[in-house]
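Work through the exercises below with the sequence and the coordinates open beside you. Each task is followed by a solution that goes step by step.

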Amino acid sequence: TGVVSNQNPGGVSYVIAIPDKVDFGTLQQPGDNKDAYNKSITFDVSATEINNLTQGQIAVLMKDGTGDDNNAFRIHGKDAANTGKSLVYSVLDANGSDIQKGNLYTNGYLLSTFKTAGNKVTGTLSLAQNQLYMQDLTQWAGNYSGSINFYSAVVTMGDVN
């Protein structure tokens, strides 16, 4: 599990555990376009340590690591056949809401906030396989990868509104 640690003036320290990697596995081309045919996988983010947090909370934000102009979360083709191809996916919070429907802050979209050690949130990455509907799979087949940047900070409620 990846770890984000931060020290703030005033003695607040914390450790947030994030996933090292996630894998959508093998995607399928749908036979029709009547549904999104979402391929979804869950991931956990947890506060493993929080010290001296007397006010506020720890906000965890997520942003696509590839610098997409539309701020979309994407995976990109990595093989000769699928170079230049990308697939968009959504990040859903613990309530199943798309975090991109919330505010875009400088460091990403809010996933969750944490107040005490041991708090955990389970999010979902959801890729609509209908992006492959009626596509020539010889141009799409292969390996894909992407990255997500996680950002955390101690905030008060006024900071995340």
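**Exercise 1. How many aromatic pairs does a search of the whole structure find?**

Solution. Keep in mind from the start that this is a predicted model. The search, run over the whole structure, returns three aromatic pairs. One of them is formed by F73 and Y109, whose ring centres are 6.4 Å apart and whose planes are inclined at 45°, an arrangement described as tilted. The label follows from the angle, because planes under 30 degrees apart count as stacked and those over 60 as edge-to-face, with the rest called tilted. The pair links distant parts of the chain, since F73 belongs to strand β5 and Y109 to strand β8, 36 residues apart. Both F73 and Y109 are buried. As a last step, place these two rings in their wider setting: F24, F73, Y89 and Y109 form one aromatic cluster.

**Exercise 2. Determine whether R74 is buried or exposed, and find a polar contact of its side chain.**

Solution. Begin by locating R74, which is found in strand β5. Next, take its relative accessibility, which is 17%. Buried means under 20%, so R74 counts as buried at 17%. Finally, turn to the side chain of R74, which is joined to the side chain of S86 by a polar contact of 3.0 Å.

**Exercise 3. Trace the pairing of strand β6 with β5 and with β9.**

Solution. Start with strand β5, residues 73-77, which runs antiparallel to strand β6, residues 86-92, and is joined to it by four bridges. Within this pairing, I75 of the model stands opposite L87 in β6. Then move to strand β9, residues 120-128, which is likewise antiparallel to β6 and connected to it through four bridges. Here V91 stands opposite L125 in β9.

**Exercise 4. What is the strand order of the open sheet of four strands, and which are the edge strands?**

Solution. Read the order first: the strands of this open sheet follow one another as β7-β8-β4-β11, with antiparallel pairing. The edge strands are β7, residues 104-105, and β11, residues 148-155, each of which pairs on one side only. To examine one edge in detail, consider β7, which pairs with strand β8, residues 108-114, in the antiparallel sense over two bridges. In that pairing, Y105 stands opposite G108 in β8. As a closing link to the first exercise, recall that strand β8 also holds Y109, the partner of F73 in the aromatic pair.

Key. Residues are numbered from 1 along each chain as its sequence is written. This is a predicted model: local features need pLDDT of at least 70, side-chain atom pairs count only at pLDDT 80 or more; totals for chains, interfaces and linings use all residues. Side-chain values use heavy atoms; hydrogens and water are left out. Two strands pair if DSSP finds at least two bridges between them. Buried means under 20% relative accessible area, exposed over 50%, partly exposed in between (1.4 Å probe, protein chains only). A polar contact is a pair of N or O atoms within 3.5 Å; within protein, one must be able to donate a hydrogen and the other to accept it, and residues adjacent in sequence count only if both atoms are side-chain atoms. Rings of Phe, Tyr and Trp (its six-membered ring) pair if their centres lie within 6.5 Å; planes under 30 degrees apart count as stacked, over 60 as edge-to-face and the rest as tilted.
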